[in-house]
Amino acid sequence: MKYSKLAAASVTALMVATPVLADLVFPSLSYRTGPYAAGGIPYADGYADYFTLLNERDGGIGGVAAKVIECETGYNTEKGVECYEATKGEGALVYNPLSTGITYQLIPKVTADNIPLYTPGYGRTSAANGKVFANVFNFPANYWNAASLAVNHLLDASGGDLKGKKVALVYHNSAYGKEPIRTLEGLAEKYGFDLTLIPVDHPGQEQKAQWLQIRREKPDFVLMWGWGVMNQVAIQEAANIRFPMENFVGVWWSGGDHDVQPAGDAANGYKAVTFHAVGDDYPVFDDIRKHVVDTGKAAGDGSNIGKAIYNRGVYAAMLMAEAAKKAQEIHGTDQITPAMMRDGMEALEISDERMAELGMGGFGPSFSVSCENHGGPGTGAIQQWDAAAGEWKLISDFGDSDMEVIQPLIDEDSAAYAAENNIAERCN
């Protein structure tokens, strides 16, 4: 297959180290343009800024500088694959494409190339089964965990009983948006609520028909699997029909500051699931301001620090840096390969003590990864938008998702993938 010169030319190296050449390469398949840029920009900034912090403050990872190679995908699957092909030969240790569509296309490629793929909170959910997906990791939580966590919240809001309640899922009509459907169907059967599926076509700027349907059918709750401009439009349309925001819950990719701010006070009370904490009250963000923003080395202007999606990019980069350190430790070398990086990811252990040492105490869960479990603990909490304060606030503790429903689905889907692709289970 031939790859366009444009894709190759679009690769821009963010030199985040003093040395001319950095040794540990972390590609960022970003999208700073198009209808999904509102989420793509802060994530890419957070991802790059954390590696810059490690270079500027710590001298890199294990004494080796990190380099972020950014390639613009526009959230387009074909361009994402082109970016992968254009960058994998530059020493790429791990890919984090921030796109379920791109993820699905890259799974067979990274498996053949023995390069790890990291998809935190997105991608193919059944990749949590490391026995089948040796090179794919989606810790600390996945879409099916999110669906369960959202329903857990609806149960709490309904006094523990959802029988006869109406729940609508407004979802991006793509592989991403369709991911939670089978889990929600299982949960609907378990708890006795009626589930209505309402797709929204890319990019999601026109939703009047969907919200007229919601106004007509009067569901008790609305869940949303949206991204980019779709989220902003949905929240505004919900406000237009006066749907109670406290009964409107988005997945973590529908819980950015940019999703709620355009609606102003009307967005007050809107909720979203999250797999990490919110805000900037953590020492790591002070360090990013001091060593990265104030020195003019930030990927952006620093205004996104503390915002939900920026923080998620920082969190993902931190976990990858810790996995790289683990790989260096396992293999006794600072010069790790992608295969070694994969080993580090599979042996990753994140403790509360380590999170505190990193200036992120309480920001995310403690967990460990294993050959069998590439998905982490699957825990999460609920955040709610406070329009007056202009910030997200956690309104619940971090809790468990319903693995009695989720695990059989993971087993079924991963077994089907293994059969289709002649993959023998590992970890024996």
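Which pattern do the disulfides of the protein follow when bonded cysteines are counted along the chain? In this predicted model, the pattern is 1-2, 3-4, and the legends below take the two disulfides found by a search of the whole structure in turn, before turning to the protein as a whole.

**Figure 1. The disulfide formed by C71 and C83.** The sulfur atoms of C71 and C83 lie 2.0 Å apart, and the torsion about their S-S bond is about -75 degrees, so this disulfide is left-handed. Because C71 belongs to strand β3 (residues 66-72) and C83 to helix α3 (residues 77-87), the pair ties together parts that are 12 residues apart in sequence. Both C71 and C83 are buried.

**Figure 2. The disulfide formed by C371 and C427.** Here the two sulfur atoms, those of C371 and C427, are 1.9 Å apart, and the link is left-handed, with -85 degrees about the S-S bond. The pair connects distant parts of the chain, C371 being in the loop between β12 (367-368) and β13 (381-386) and C427 in the segment after α15 (403-420), with 56 residues separating the two cysteines in sequence. C427 has a relative accessible area of 23% and is therefore partly exposed, since buried would require a value under 20%.

**Figure 3. The fold of the protein, with its 15 helices and 14 strands.** The radius of gyration of the protein is 21 Å, close to the 22 Å given by the globule rule for 428 residues, so the protein is as compact as a globular protein of that length. Taken along the principal axes, the box filled by the C-alpha atoms of the protein is roughly 60 × 50 × 45 Å. Of the contacts between residues at least 6 apart in sequence, 72% join residues that are at least 24 apart.

**Figure 4. Burial, surface and charge in the protein.** Of the 428 residues in the protein, 57% are buried. The accessible surface of the protein comes to about 16100 Å², and carbon and sulfur atoms account for 47% of that surface. The protein carries 33 positive and 54 negative charges, and the mean positions of these two sets of charges are 5 Å apart.

Key: Residues are numbered from 1 along each chain as its sequence is written. This is a predicted model: local features need pLDDT of at least 70, side-chain atom pairs count only at pLDDT 80 or more; totals for chains, interfaces and linings use all residues. Side-chain values use heavy atoms; hydrogens and water are left out. A disulfide is a pair of cysteine sulfur atoms within 2.5 Å. Helices (H or I, at least four residues) and strands (E, at least two) are DSSP runs, numbered from the N terminus. Buried means under 20% relative accessible area, exposed over 50%, partly exposed in between (1.4 Å probe, protein chains only). The radius of gyration is taken over C-alpha atoms; the globule rule is 2.2 Å times the number of residues to the power 0.38. Contact means heavy atoms within 4.5 Å. Accessible areas come from the Shrake-Rupley method with a 1.4 Å probe; for residues, only the protein chains shown count as cover. Lys and Arg count as positive and Asp and Glu as negative; His and the chain ends are not counted. The place of a charge is taken as NZ of Lys, CZ of Arg, CG of Asp or CD of Glu.
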